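Dear colleague,

Please find below the structure that I agreed to pass on to you. I should be grateful if you would look through it alongside the notes that come after it.

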Amino acid sequence: MGQSREKQLGQFFTPPEVARTLVGWVVHDKRVRLLDPSCGDGRFLTCHPRSVGIEIDRDNAALARAQAPGALVHEGDFFEWATQTAERFQVAAGNPPFIRYQDFAGDTRIRALAYAERLGVKFSRLTSSWAPFLVAAASLLRPNGRMAFVVPAEIGHATYAPPLLEWLCAHFEHVRVVAFQQKLFPQLSEDAWLLYCAGYGSRSDAVYLNDFERFVADEPLPRFARRVELSTWRAAGRRLRRFLLPSESLALYDELSARPEVVRLSEVGHAGIGYVTGANDFFHVRPSTAKELGIPARLLRVAVRKAEQLPSVSVDRAAVDGWLMSDDPVMLLHLNGQDRLPDCLRRYLSSEHAERAKGTYKCRNRSPWYAVPDVRVPDAFLAYMSGLRPSLVRNDAGCVCTNSVHAVTLKAGVSVRAVQEAWRSPLCELSCELEGHPLGGGMLKLEPGEAANVRLPLGEVGLTSGEIETIRGGTAHARRWRHYG
Ligand SMILES: C[S@@+](CC[C@H](N)C(=O)[O-])C[C@H]1O[C@@H](n2cnc3c(N)ncnc32)[C@H](O)[C@@H]1O
């Protein structure tokens, strides 16, 4: 089976000891019927004799039948089966496919989102497959039923996690997320956590959270967990991940965030994506090529094409001169609003290279195809995918940028130097960890919406050395969760 099919169907199998432990959490009585909505090769089914599994992949379904001869295995799409079955289960367990929204397509996606909507959850188009799987599996439980699933750690920060958690709390008496610092699936860049829900048909006003160093096989569900009130979670941007922070650091972070001199980036400016050309190699030329073709300077802009290009403090004249001297392909053809193009450009736009560019999705969908929209000169650039911390770099040379960095534009009267200084503070460093999210491999990512929430101490906050220590301790703790270093 090729990698693409594995990816397409989210086929990553659960270590047997994890499957056994999850089944142990929900099965308290041998007579109950267990549902696994995406049973793969049947490793959850083998843990309990009275099981029903659904599996879309023929080979996996055959393996599941062979491995769990006592179980009933249906081959097909779970959502189709779920709309037709009259069966209801006391318990459910499994590992739903993790298919990102870009690949989660076709009839299954339509059925999945429609099924969830009928149950009252409106997922956005950015939703990955596992979230509607959980909602649909829950809907097949009998009153007071329980379920336990492997879930991506995205449950702690993805924009589609809040409607899921709200729905789970509106339908279960107890909702629990169990997070592990050491990876459950070492081969995957995305972390996996565990979800446990009990008391289907009741509701709860809190999510319980456990954070452990590592998974221990066959341990019962821990008796104690941190109680996160839904009201607190809602007020804090509906991200569960922040509650993994030591309470002392989180309390100080919240207290500092409420001070008048501490602002969100969105209060003083805007971080948005840079322009999208559709064919970067065509639209960016080397200074030598621009000269050779005779392109006038007024139709060229010097661009930041990727984060690696950024110096640490400022894109200034010296940085730009360096790129030009090295003949880097950083000259953007900026042809917006040009009624008459010089002959040299008309020749470039009808070259073979241009034909290929013209065929790309972005170029086909704009008119004229060669006019790149949204080319602006921001006040600063934000490297939004970073190792240790995202850097904010001043734009002192009037450059433009592609979407591989964020373009930060400040409101009138806001000093870019003051914002940059605040960006280097320990508070802002912690804020990036809390408002951003891990990307795997130790990387931190700040989406524009996340960057908007980053806290900046723009006035004198006057932290004691003990408080600085608490903030730094929080940052170090948060970085462990993204496996940095
Ligand atoms: C993450 S794997 C888990 C398999 C197994 N439960 C385990 O944990 O090892 C997800 C499984 O869901 C299956 N799958 C994907 N889409 C499905 C769908 N719409 N209906 C049923 N199964 C599906 C995949 O083929 C894959 O075997």
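The notes below take up the domains, the ligand, the helix packing and two points of backbone geometry.

Please bear in mind throughout that this is a predicted model.

Domains

The protein chain falls into two assigned domains: domain 1 covers 3–244, while domain 2 is assembled from 271–278, 305–328 and 374–481. Measuring over C-alpha atoms, the model places the centres of domain 1 and domain 2 36 Å apart. Where the two domains meet, seven residues of domain 1 are in contact with seven residues of domain 2. On the domain 1 side of this contact there are four polar residues, two charged residues and one nonpolar residue.

Ligand surroundings

There are 23 residues around the ligand, and those that come nearest are F13, T14, S38, G40 and N95. The shell is made up of nine nonpolar, nine polar and five charged residues.

Helix packing

Three helix pairs are described here, beginning with α5 and α6. Helix α5 (residues 106–118) packs against helix α6 (residues 130–139) with the axes 9 Å apart and an angle of about 50° between them. Because of that angle, α5 counts as oblique to α6. The crossing of the two is left-handed. From α5 the contact draws on A112, L113, Y115 and A116, which meet P132, V135 and A136 of α6. By class, this contact has seven nonpolar residues, with no polar and no charged ones.

Helix α6 also packs with helix α7 (residues 161–171), the axes coming within 10 Å and crossing at roughly 15°. The pair is therefore roughly parallel. This crossing, of α6 and α7, is left-handed. Here A131, L134, V135 and A138 of α6 meet L164, W167 and H171 of α7. The contact of α6 with α7 comprises six nonpolar residues and one polar residue, with no charged residue. V135 of α6 thus appears in the contact with α5 and in the contact with α7.

The remaining pair is helix α9 (residues 247–257) and helix α20 (residues 465–481), whose axes lie 9 Å apart at an angle of about 115°. On account of this angle, α9 is roughly perpendicular to α20. The crossing of α9 and α20 is again left-handed. On the α9 side the contact is made by E248, S249, L252 and Y253, and on the α20 side by E467, T470, I471, G473, G474 and H477. Five polar, three nonpolar and two charged residues make up this contact.

Backbone geometry

Two places in the backbone deserve your attention when you inspect the model. What kind of peptide bond joins S367 and P368? The bond is cis, with omega about -10°. P368 is located in the loop that runs between α16 (361–364) and β16 (380–382).

The other place is N144, a residue other than glycine whose phi is positive, near 75°. N144 is part of strand β5, which spans residues 141–152.

With kind regards

Terms used: Residues numbered from 1 in each chain as written. Predicted model: local features only at pLDDT ≥ 70, side-chain atom pairs only at ≥ 80, totals over all residues. Near = placed C-beta within 6 Å. Nonpolar A, V, L, I, M, F, W, Y, C, P; charged D, E, K, R; others polar. Domains from an automatic or database assignment. Axes fitted to C-alpha atoms, helices over the stretch in contact; angles between N-to-C directions. Helix = DSSP H or I, 4+ residues; strand = E, 2+ residues; numbered from the N terminus. Parallel < 35°, antiparallel > 145°, perpendicular 65-115°, else oblique. Left-handed = near helix turned anticlockwise from the far one by under 90°.
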